[in-house]
Amino acid sequence: MTRAKDVRELAETYFTAWEVGDFAVLRGVLAEDVDFVGALGTASGVEEALAGLKGLGRVLEKIDVKVRVAEGDEVITWFDLHTSVAPPAPTANWMHVEDGKVTRIRVTFDPRGLLAGFERRN
């Protein structure tokens with residue numbers, strides 16, 4: 001198995017676990033010191049990262065992956081983020097992996113639909 005295939009499979013596990021709400025599996029793929037930066041916030045460490053994923057998970061309906069590209073210790077997943085509060089948001093997620101765990105995550109998308117959806121719920 002190539003390194004890129006391992007990293008790709010790790011990303012698949014991450015997204016599948018998040019989509020179904022299996023946070024024990026998610027914890028298993030994240031490094032203790034994982035660093036997350038995204039359109040809706042930042043997180044340092046596995047507990048903060050899981051809290052953020054759980055928060056968005058409350059409105060998550062589907063992750064429609066369009067393409068996943070892996071090279072070395074890096075993987076980028078392009079997907080449509082479907083939620084109960086906003087139209088699907090085209091999203092790019094970059095992950096860096098070390099020793100079989102995700103250590104860095106960067107996510108970018110236009111958050112305006114989600115922010116408006118959250119505002120309507122409150």
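Mentor: Helices (H or I, at least four residues) and strands (E, at least two) are taken here as DSSP runs, numbered from the N terminus. The model we are discussing is a predicted one.

Trainee: Between which strands does the loop that holds Asp-99 lie?
Mentor: Asp-99 has a phi near 50°, which is a positive value in a residue other than glycine. At 78% relative accessibility, Asp-99 lies over the 50% cut-off and therefore counts as exposed. The loop that holds Asp-99 runs between strand 5 and strand 6.

Trainee: Is Arg-68 buried or exposed?
Mentor: Arg-68 belongs to strand 3, which spans residues 60-71. Setting aside residues up to four places away in sequence, Arg-68 touches Arg-8, Ala-11, Glu-12, Phe-15, Val-75, Ile-76 and Thr-77. Because its relative accessibility is 11%, and buried means under 20%, Arg-68 counts as buried.

Trainee: What is the distance of the polar contact between the side chains of Arg-68 and Thr-77?
Mentor: Thr-77 is placed in strand 4, and at 0% relative accessibility it counts as buried. Beyond its neighbours within four places in sequence, Thr-77 is in contact with several residues, including Val-65, Val-67, Arg-68, Thr-91 and Asn-93. The polar contact that joins the side chains of Thr-77 and Arg-68 has a distance of 2.9 Å.

Trainee: How far apart are the C-alpha atoms of Thr-77 and Leu-50?
Mentor: Along the chain, Thr-77 and Leu-50 are 27 residues apart. In space, their C-alpha atoms are separated by 19 Å.

Trainee: Which element supplies the largest share of the largest nonpolar core?
Mentor: In soluble globular proteins, nonpolar side chains tend to be buried together. In this model the largest nonpolar core has 34 residues, of which Tyr-14, Trp-18, Leu-30, Leu-81 and Ile-105 touch the most other members. At least two residues of this core come from each of several elements, among them helix 2 (23-29), strand 1 (30-38), helix 3 (46-57) and strand 6 (101-108). The largest share, seven residues, is supplied by helix 1.

Trainee: Which residues does Leu-30 touch, not counting those up to four places away in sequence?
Mentor: Leu-30 is one of the residues that touch the most other members of the largest nonpolar core. With residues up to four places away in sequence left out, Leu-30 touches Tyr-14, Val-46, Ala-49, Leu-50, Leu-53, Lys-101, Val-102 and Ile-105.

Trainee: What is the area of the nonpolar surface patch that includes Val-69?
Mentor: Val-69 has its place in strand 3, and it is exposed because its relative accessible area is 51%, where exposed means over 50%. Together with Val-67 and Trp-78, Val-69 makes a nonpolar surface patch of about 270 Å².

Note on methods. Residues are numbered from 1 along each chain as its sequence is written. This is a predicted model: local features need pLDDT of at least 70, side-chain atom pairs count only at pLDDT 80 or more; totals for chains, interfaces and linings use all residues. Side-chain values use heavy atoms; hydrogens and water are left out. Buried means under 20% relative accessible area, exposed over 50%, partly exposed in between (1.4 Å probe, protein chains only). Contact means heavy atoms within 4.5 Å. Patches are made of residues with over 30% relative accessible area and no salt bridge: like charges are joined within 9 Å, nonpolar side chains (Val, Leu, Ile, Met, Phe, Trp, Tyr) within 5 Å. Accessible areas come from the Shrake-Rupley method with a 1.4 Å probe; for residues, only the protein chains shown count as cover. A salt bridge is a side-chain nitrogen of Lys or Arg within 4 Å of a carboxyl oxygen of Asp or Glu. A nonpolar core is a set of buried Ala, Val, Leu, Ile, Met, Phe, Trp, Tyr and Cys residues joined through side-chain atoms within 4.5 Å. A polar contact is a pair of N or O atoms within 3.5 Å; within protein, one must be able to donate a hydrogen and the other to accept it, and residues adjacent in sequence count only if both atoms are side-chain atoms.
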